[in-house]
Amino acid sequence: WPVRIAEVAMWLTQHQMNREFARQFGREPDLLPLRTSAHIVHGNALRLDWDEIAPKAQLDYLIGNPPFRGKQFRTAEQNADMAAVFQGRSGIGILDFVTCWFQKAAEFIRGTRIEAAFVSTNSIAIGEQVGPLWHPILGMGIHLSFAHRTFAWDSEARGKAAVHVIIIGFAPFDPPRKRLFYYPDIKGEPEPREASAINPYLVEGPEVTVLNRGRAIHQAPPMVFGSMPNDGGHLLLTPEERTELLEKEPAAEPWIRPLLGAREFLNGIERWCLWLEVIEPNELRALPEVMKRVQAVKAYRLASKRAATKKLADRPTLFGEIRHPKGDYVLVPSVSSERREYVPMGFFDSATISTNLNLLVPDATPYHFGVLESRMHMAWMRLVAGRLESRYRYSAKLVYNNFPWPDPDDTRHQRIEQAALAVLDARASHPDSTLADLYDPLVMPQDLRKAHHKLDAAVDKAYRPKAFKDDEERLKLLFERYTALVGL
């Protein structure tokens with residue numbers, strides 16, 4: 001039935017073209033009676049030999065609108081198709097089903113003059129999917145020739161639903177003319193721009209991808225996860241539990257620290273923990289209520305089915321994993337709303353404990369906070385970070401370790417620090433508002449917004465004296481700098 005519909009659609013399209021021919025030349029071509037039909041093959045495109053259906057020698061273009069099935073919605077048959085297309089290549093588990101057509105087309109057109117283009121979800125051009133898909137394809141000598149960046153595509157079907165899509169054109173040679181189509185209004189018409197090169201993130205810049213990296217490419221402190229309790233909740237305290245414990249044992253106060261996960265940090269939720277890293281045995285034994293909690297931690301860990309957790313029962317006074325900085329640190333929530341212009345980050349001293357739901361930059365200064373909280377870093381993060389649903393999922397290996405930091409002189413360095421402290425001061429001037437409140441794009445206070453704009457300008461000038469027109473210019477410079485730093 002779909003084949004029959006496709007055949008009729010082809011005839012209708014030919015009829016429309018005949019009418020256009022008549023408008024241009026005053027007559028319609030005489031094509032009746034119909035003697036030919038559209039050449040349509042019904043089958044699994046990922047299992048068929050495309051060269052048998054349409055020999056390469058007869059092709060100039062390969063176009064399509066493949067299915068967009070996300071990784072969490074693939075069927076067992078589709079997973080098998082992916083394994084066949086990618087031939088067991090590692091890292092494909094995170095890829096959307098649509099990527100199969102890009103891979104198969106790249107292999108099909110290699111060594112020819114055939115150009116290809118597919119409609120796709122925009123997920124294959126942002127975040128963690130870009131490297132595993134495009135790094136091998138670029139290695140085949142494939143170049144992007146044009147691209148439509150994200151736009152809303154309305155279906156004409158009953159009960160239609162708009163989807164956000166992209167179109168990517170690519171070829172096995174370097175096309176002399178490349179164009180990027182931008183959509184200032186995602187539902188409007190595109191604005192085409194000439195590009196010297198298009199990378200798989202659909203920005204003008206070197207044809208490179210960003211892959212997970214174990215160490216930062218630039219001179220910056222390492223980023224780590226916060227500390228993981230793995231305690232069954234017995235070392236953690238609500239405000240009410242803290243009050244109750246201190247009423248019974250006031251001497252426990254030095255061992256209680258404020259605790260922040262991502263949710264607590266962003267929403268101003270008060271939470272505490274017992275931090276017993278340096279407590280002496282005699283001090284602990286003098287605190288029977290605290291001892292009860294320590295004993296409960298030991299019992300919880302011993303009851304675990306995981307060998308690693310059982311082993312932690314040998315040190316029940318401590319968090320399961322401790323990565324707490326000894327000095328000041330930058331806190332980055334691992335997940336943050338995509339609505340925010342800036343991902344709120346924090347700057348803390350060692351008195352505040354952070355859980356593993358945050359990422360930390362130990363031994364940081366206001367300069368590090370300032371660069372990471374700037375528009376320059378936000379542009380990089382939005383493009384490179386993965387997604388949890390639609391929210392940004394920050395990654396040390398993908399985002400932070402690949403970020404091209406600037407090399408400011410002492411004056412620029414100092415201006416960034418001053419601007420960063422001004423952002424923190426602006427936040428502090430609204431003590432009753434949470435970070436979720438302050439960074440809501442509809443209600444963000446003007447003093448905080450102005451402080452961020454001054455920080456943006458200070459960081460921008462650390463990269464180049466000339467102001468950036470938009471984030472596209474920022475990204476172009478960042479990818480050029482990234483390429484130089486990693487030696488590509």
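I will walk you through the overall make-up of this chain, then its nonpolar cores, and then one pair of helices.

Please keep in mind throughout that what we are looking at is a predicted model. The chain has 488 residues, of which 47% are buried, and its C-alpha trace spans about 100 × 55 × 45 Å along the principal axes. In secondary structure, the chain has 17 helices and 17 strands. If we take the contacts between residues at least 6 apart in sequence, 70% of them join residues that are at least 24 apart.

Let me turn to the interior. The largest nonpolar core has 104 residues, and those with the most contacts inside this core are Leu62, Phe102, Trp134, Ile168, Phe170, Trp380 and Tyr394. Apart from this core lies another one, of 23 residues, which includes Trp255, Trp272, Ile279 and Met291. To come back to Leu62, its contacts, leaving out residues up to four places away in sequence, include Trp50, Ala105, Phe108, Ile109 and Phe118, and also the charged residue Glu115.

Finally, the helix pair. Helix 14, residues 410–428, packs with helix 16, residues 446–463, at an angle of about 165 degrees, and their axes are 9 Å apart. Because angles over 145 degrees count as roughly antiparallel, helix 14 is roughly antiparallel to helix 16, and the crossing of the two is left-handed. Among the residues that meet here are Arg412, Ile416 and Val423 from helix 14, and Asp447, Leu448 and Leu455 from helix 16. Taken by class, this contact has twelve nonpolar, one polar and six charged residues.

Note on methods:
Residues are numbered from 1 along each chain as its sequence is written. This is a predicted model: local features need pLDDT of at least 70, side-chain atom pairs count only at pLDDT 80 or more; totals for chains, interfaces and linings use all residues. Side-chain values use heavy atoms; hydrogens and water are left out. A nonpolar core is a set of buried Ala, Val, Leu, Ile, Met, Phe, Trp, Tyr and Cys residues joined through side-chain atoms within 4.5 Å. Buried means under 20% relative accessible area, exposed over 50%, partly exposed in between (1.4 Å probe, protein chains only). Contact means heavy atoms within 4.5 Å. Axes are lines fitted to C-alpha atoms, for helices over the stretch in contact, and angles run from 0 to 180 degrees between N-to-C directions. Helices (H or I, at least four residues) and strands (E, at least two) are DSSP runs, numbered from the N terminus. Angles under 35 degrees count as roughly parallel, over 145 as roughly antiparallel, 65 to 115 as roughly perpendicular and the rest as oblique. A crossing is left-handed if the near helix is turned anticlockwise from the far one by less than a right angle, and right-handed if clockwise.
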